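Dear colleague,

Please find below the structure that I promised to hand over. My notes on what was found in it follow directly after.

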Amino acid sequence: MTFERQAYELPEIWQDTWFATDDQTRCDAVAALIPAGVQTLLDVGCGNGMFVNRLARSDRRGFTRLAAVDRSAAALAHVRVARCRATIDALPFNDGSFDATTSMEVLEHLPVAVFPRALSELARVARRYVLVSVPYKQDLAATMHSCPSCQTRFNADYHMRSFDESLIGGLLDGVGYRLVTSRLIGPRTRYLDRLLRERFRAWRRPENGLPAYAICPMCGWHDADALRRESASRQAAHAVGGLDEAAARPWMARWRPSVTTFQWIGAVYERR
């Protein structure tokens, strides 16, 4: 198993307490994009099932079949609908097996060789619709870190591409689908002085701020103690009302120069 795959088997990152309320908002926003008439749905790269588990609990759409796929056994342990372990570029289902396929926060992780096969598989398995969501205009240069051991520079989330409206618009043109609608999700106020400091630190000392869950894809360096502390901190935050990233920002920030951006972009495609 590669170090990159090991990163997705860390049990801590799939606990419900690991995720902020923003992630729940994202799931609800994508659920609202599901077209009328969709009764069967496959979520590809489902993670811990946050999305499909919420769909199953609400059941307001009257789904007759919900299923989920992920390559991580640690993630699938949390999924409460029909599930199987597989990769996005080799889905174990027949053509048109589901009214719709969804893939949320997956495409940005895919290597160049895998990306086109993944799009083809999402389109093949869907009978009519494909829904995706991805980070919106992510600044990949600002998210690079250096491994403390071997100095390899990498994105701790293994993000390999950034998306905007232009890329989303033609994403599935080559596999017989057209864009029906897109939506920006998760408005967030970003403070300009903090952004400048973060970019300066990334330039001067790129090793600073390495996330606790990071595993170097080259040598496998990982700070397990930092991950345990981070997991405990998130559990404690949820115990007193949930991990709300917006509420955690300093109150003085409201007087700083700011710009409103979005965290994700979601899109619906229909078979031509």
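In these notes a residue is called buried if its relative accessible area is under 20%, exposed if over 50% and partly exposed in between, with a 1.4 Å probe and protein chains only. Helices (H or I, at least four residues) and strands (E, at least two) are DSSP runs, numbered from the N terminus. Please keep in mind that this is a predicted model, in which local features need pLDDT of at least 70 and side-chain atom pairs count only at pLDDT 80 or more, while totals for chains, interfaces and linings use all residues. Residues are numbered from 1 along each chain as its sequence is written, and side-chain values use heavy atoms, with hydrogens and water left out.

To begin with the whole, the protein chain has 8 helices and 9 strands, and 44% of its 272 residues are buried. Taking contact to mean heavy atoms within 4.5 Å, residues 24 or more positions apart account for 79% of the contacts in the protein chain with a separation of 6 or more. The protein chain exposes about 13700 Å², of which carbon and sulfur atoms supply 52%; accessible areas come from the Shrake-Rupley method with a 1.4 Å probe, and for residues only the protein chains shown count as cover.

Strand S5 (residues 126–135) is a good place to start looking. It is mostly covered, in that 8 of its 10 residues are buried. Two strands are said to pair if DSSP finds at least two bridges between them, and S5 pairs with strand S4 (residues 98–104) in the parallel sense over 6 bridges, with threonine 102 having leucine 131 in S5 as its bridge partner. S5 is also joined by 7 bridges to strand S9 (residues 258–271), and these two run antiparallel; here proline 135 stands opposite tryptophan 264 in S9. Together, S4, helix H5 (residues 115–125) and S5 make a right-handed β-α-β unit, where right-handed says that, with the strands pointing away from the viewer, the path from the first strand over the helix to the second runs clockwise.

Next come the nonpolar cores, each a set of buried Ala, Val, Leu, Ile, Met, Phe, Trp, Tyr and Cys residues joined through side-chain atoms within 4.5 Å. The largest has 44 residues, and those with the most contacts inside it are Ile34, Leu41, Phe51, Leu55, Leu131 and Phe154. The elements that give two or more residues to this core are helix H2 (21–33), H3, strand S2 (65–70), helix H4 (73–76), S4, S5 and S9, and H2 gives the most, with 5 residues. A second, separate core of 32 residues includes Phe93, Leu110, Leu171 and Tyr269.

Helix H3 (50–58) follows a loop that begins after strand S1 (40–44), and glycine 47 has its place in that loop. Glycine 47 is buried, with a relative accessible area of 6%, and, leaving aside its neighbours within four places in sequence, is in contact with Trp14, Asp70, Ala75, Leu76 and Val79. Within H3, the buried residues are Met50, Phe51, Val52, Asn53 and Leu55, and what covers them includes H2, S1, S2 and S4. Asparagine 53 has a relative accessible area of 10%, and its contacts, again without neighbours within four places in sequence, are Asn48, His78, Val79, Arg80 and Val81. Just after H3, aspartate 59 takes a positive phi of about 50°.

Finally, a search of the whole structure finds 3 aromatic pairs, where rings of Phe, Tyr and Trp (its six-membered ring) pair if their centres lie within 6.5 Å, and planes under 30 degrees apart count as stacked, over 60 as edge-to-face and the rest as tilted. One of these is the tilted pair of tyrosine 8 and tyrosine 158, at 6.1 Å centre to centre and 50° between the planes. Tyrosine 8 lies in the loop between helix H1 (3–7) and H2, and tyrosine 158 in the loop between strand S7 (153–155) and helix H6 (165–169), so the pair ties together parts that are 150 residues apart in sequence. Another is the edge-to-face pair of phenylalanine 93 and phenylalanine 98, at 5.2 Å and 80°, and both of these residues are buried.

With best regards
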